[in-house]
Amino acid sequence: MSDLQDLYQEMIIDHGKAPRNFGVLEQATHCREGYNPLCGDQLTLYVEAHAGRLHALRFKGKGCAISMASASLMTEALEGRTLAEAEKLFADFHLLVTDREQAAALEEGLGKLAAFKNLSEFPMRVKCATLAWHTLRAVLQGEEQPVSTE
């Protein structure tokens, strides 16, 4: 199990240092800002959605490695999914990082996102990992205000 944990840690470091889907999405149909005042993370999420499906996601911002890695992995995991699938993935990811008891059951279905499974041991870092997700949820629910994890 240590090898898997090492792989997860390497993945978070890699996505934190070189996030995928980083930048402005010119054809975005939705754009929302998100902040984590406790850690100083801030990002802008750009989403292109049509006919109930997420066609492209990009983000821009700055923050800790966990925040950037989570946004990077989230954009990879959600591209091409339906809005209903995105809501389900949000719920599963949130449960993964907040409920240690549920993490093992969810791990297999989350793919690379399972790299965050031990985050529930560090409650202050959960807000870092969920910033992009809460920002996405605001987009999905049509909220207009910037998102804060406070």
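**Exercise 1. Work out how α2 sits against α5: which hand does the crossing have, and which residues meet?**

Step 1. Start with the hand: α2 passes α5 in a right-handed crossing. Keep in mind that this is a predicted model.

Step 2. Now get the geometry. The axes of α2 (residues 65–78) and α5 come within 8 Å and cross at roughly 35 degrees.

Step 3. List who touches whom. On the α2 side you have I66, S67, S70, A71, M74 and L78, and they meet R125, C128, A129, L131, A132, W133 and L136 in α5.

Step 4. Sort that contact by class: 10 residues are nonpolar, two are polar and one is charged.

**Exercise 2. Take the pair α3 and α5: at what angle do the axes cross, and what is the hand of the crossing?**

Step 1. Helix α3 covers residues 83–98 and helix α5 covers residues 123–140; their axes come within 10 Å and cross at roughly 160 degrees.

Step 2. Turn the angle into a label. Angles over 145 degrees count as roughly antiparallel, so that is what α3 is to α5.

Step 3. Add the hand, which is left-handed for α3 and α5.

Step 4. Check the contact. From α3 come L83, A86, E87, L89, F90, F93, H94, V97 and T98, which meet V126, A129, T130, W133, H134, R137 and L140 in α5. The class split here is 10 nonpolar, four polar and two charged.

**Exercise 3. Rebuild the sheet: in what order do the four strands lie, and which strands stand at the edges?**

Step 1. Write down the order, β3-β2-β1-β4, for an open sheet with mixed pairing.

Step 2. Find the edges. β3 (53–62) and β4 (147–148) each have a single partner strand, so each has one side without a neighbour in the sheet.

Step 3. Go through the pairings, beginning with β1 (residues 30–36) and β2 (residues 41–50), which are antiparallel over seven bridges. Here R32 is opposite L45, and C31 is opposite Y46.

Step 4. Next, β2 and β3 run antiparallel too, joined by nine bridges. T44 faces K60 of β3 across this pairing.

Step 5. Finish with β1 and β4, a parallel pair over two bridges. Y35 has S148 of β4 as its bridge partner.

**Exercise 4. Look at the two hairpins: which residue takes a positive phi in each?**

Step 1. The hairpin of β1 and β2 has four residues between the strands, and G40 takes a positive phi near 90 degrees there.

Step 2. The hairpin of β2 and β3 has two residues between the strands; in this one the residue is A51, with phi near 50 degrees.

**Exercise 5. Hunt for aromatic pairs: how many turn up, and how are the rings of F22 and F59 arranged?**

Step 1. Searching the whole structure gives three aromatic pairs.

Step 2. For F22 and F59, the ring centres are 5.2 Å apart and the planes stand at 90 degrees, so you call the pair edge-to-face.

Step 3. Place the partners: F22 is in the loop between α1 (2–17) and β1, while F59 is in strand β3, so the pair ties together parts 37 residues apart in sequence.

Note on methods
Residues numbered from 1 in each chain as written. Predicted model: local features only at pLDDT ≥ 70, side-chain atom pairs only at ≥ 80, totals over all residues. Heavy atoms only, no water. Pairing = 2+ DSSP bridges. Axes fitted to C-alpha atoms, helices over the stretch in contact; angles between N-to-C directions. Parallel < 35°, antiparallel > 145°, perpendicular 65-115°, else oblique. Left-handed = near helix turned anticlockwise from the far one by under 90°. Contact = heavy atoms within 4.5 Å. Nonpolar A, V, L, I, M, F, W, Y, C, P; charged D, E, K, R; others polar. Phe/Tyr/Trp six-rings, centres within 6.5 Å; stacked < 30°, edge-to-face > 60°.
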